[in-house]
Amino acid sequence: KLELFHSLWVTDFTINSKKYIFLDEMSNLNKTFNFIVQMHVYVMLYLCRHVFISQKAYQETETRPESSVYTEMRGVAMLEDSVQDTTEYVRPSEGGDVISTILRREVTHDQTQGTCAEHYSVANANCTQDSDCAKGEIDFDGHGQRTGRCIPYYNDTFKTCEIKSWCPIEEYAVVREPALEQAINFTVFIKNAIHFPKFKVLRGNIKPNKPKKLLRCHYHPKTNPYCPVFSLGFIAAQAREKFSELCRTGGIIGVFINWKCDFDSDPSKCIPTYSFRRLDMRKNLPSSGYYYRFAKYYHKDGVEYRTLIKAYGIRLDVIVHGHAGRFSLIPTIISTVTAMTSVGICSIICDWIMLTFIDKNEVFSEKKFDNKPSQPITTDLTLTSYGSTHSDLSDGVPL
């Protein structure tokens with residue numbers, strides 16, 4: 001009886017142990033299955049959110065719209081005792097996608113055609129005798145053609161080569177005027193119209209029925225989105241630049257008008273946004289800043305004179321970007337197929353993770369690939385022999 005009881009107890013313990021091991025393996029397989037399902041769900045959620053909602057992959061798009069820009073600057077300022085209006089400081093006067101304003105001037109008055117001393121900073125311009133100056137030579141960094149004479153440099157004791165040019169030269173006779181600091185309150189009106197030919201939609205950044213309001217408003221993204229009027233101080237601040245530094249060296253600022261339109265909804269909800277960024281080099285380089293020269297000509301006593309002006313200012317480059325989209329069946333099908341393909345790739349990645357890094361990977365491998373050796377199929381073949389009352393006649397055996 002004791003032996004029988006011991007044998008039954010051992011048998012029951014073995015069965016329970018195998019049952020627990022089987023339940024543990026089933027629990028691991030359930031966890032693995034749940035992990036794979038979660039991975040697929042996450043991928044599908046990512047595709048739905050990023051591809052279809054954020055990127056709007058179900059839409060056909062247009063990124064090269066037709067655009068026109070008109071600009072106008074307004075403001076009046078006092079420079080010492082003189083009044084500066086738009087005719088004095090705005091270039092060009094007709095407006096366009098590029099407009100500049102003069103903030104500081106360096107003026108050389110009463111220049112006339114004649115001969116004078118070359119500036120001493122020009123290469124080989126310093127001399128002690130006439131033979132040091134080659135007649136007819138032109139230095140491209142200089143101011144004119146050399147006459148072959150060596151003369152005193154204006155009222156100084158040293159000498160430089162004489163040149164034929166507009167005299168006196170700029171470096172010697174220039175007068176630096178104070179900056180036009182009141183220009184910080186000047187305003188720039190930027191009118192923009194954009195056309196999306198694919199969708200046959202034309203949009204503008206102002207409302208046509210309220211032109212008088214533009215004379216007294218300033219742009220604000222929430223309260224005045226249809227008032228494209230910006231002060232120079234606002235533009236400099238948005239570009240993270242000091243207005244006083246721009247008055248000293250000048251600068252080029254890009255005005256970016258960004259149209260991002262969803263034509264699945266009302267096209268009137270498509271409103272542009274504006275951003276500003278400095279485009280030229282900020283470092284102390286010869287190419288940094290923004291300046292240009294121009295002259296005003298006049299006659300006195302039958303002689304032609306000119307006033308040479310070197311102008312430092314802000315140049316605004318208006319750059320328009322447009323992107324519009326509308327629902328279309330073809331990109332929707334393409335994006336859906338791509339999403340389904342991505343889910344298939346995800347299953348391969350999940351299998352690789354399970355087979356490489358997860359515990360019980362052998363169990364997973366056996367269940368997925370069925371690694372158990374198959375049993376050979378045996379077929380019993382039974383041959384039944386029946387006797388015959390006939391004999392083979394060829395053997396000469398009688399029947």
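Two strands count as paired here if DSSP finds at least two bridges between them. With that in hand, welcome to the tour; the model in your viewer is a predicted one.

**Stop 1: strand β17.** Select residues 303-327, which make up β17. Keep this strand highlighted, as the next stops return to it.

**Stop 2: strand β1.** Now add residues 59-62, the strand β1. β1 and β17 run antiparallel and are joined by four bridges. To see one of these contacts, pick Glu-62, whose bridge partner in β17 is Ala-324.

**Stop 3: strand β6.** Next, colour residues 98-117. This strand, β6, pairs with β17 in the antiparallel sense, with 11 bridges between them. Click on Thr-108 and look across to Leu-308, its bridge partner in β17.

**Stop 4: strand β14.** Which sense does the pairing of β14 and β17 take, parallel or antiparallel? Select residues 251-262 and follow both strands: they pair in the parallel sense, over 12 bridges. Gly-251 is a good place to start, as Ile-314 of β17 stands opposite.

**Stop 5: strand β16 and the turn.** Move on to residues 291-300, strand β16, which has 10 bridges to β17 in the antiparallel sense. Here His-299 stands opposite Glu-304 of β17. The two strands, β16 and β17, form a hairpin with two residues between them. Zoom in on Asp-301 in that turn, where phi is positive at about 60 degrees.

**Stop 6: Asn-185.** Finally, leave β17 and select Asn-185, in the loop between β10 (175-176) and β11 (187-196). An unreviewed UniProt entry places the feature "glycosylation site" at this residue, Asn-185. Is Asn-185 buried or exposed? Asn-185 is exposed, because its relative accessible area is 61% and exposed means over 50%.

How values were computed
Residues are numbered from 1 along each chain as its sequence is written. This is a predicted model: local features need pLDDT of at least 70, side-chain atom pairs count only at pLDDT 80 or more; totals for chains, interfaces and linings use all residues. Side-chain values use heavy atoms; hydrogens and water are left out. UniProt positions are given in the numbering used here, feature names are shortened, and annotations may be inferred rather than shown by experiment. Buried means under 20% relative accessible area, exposed over 50%, partly exposed in between (1.4 Å probe, protein chains only).
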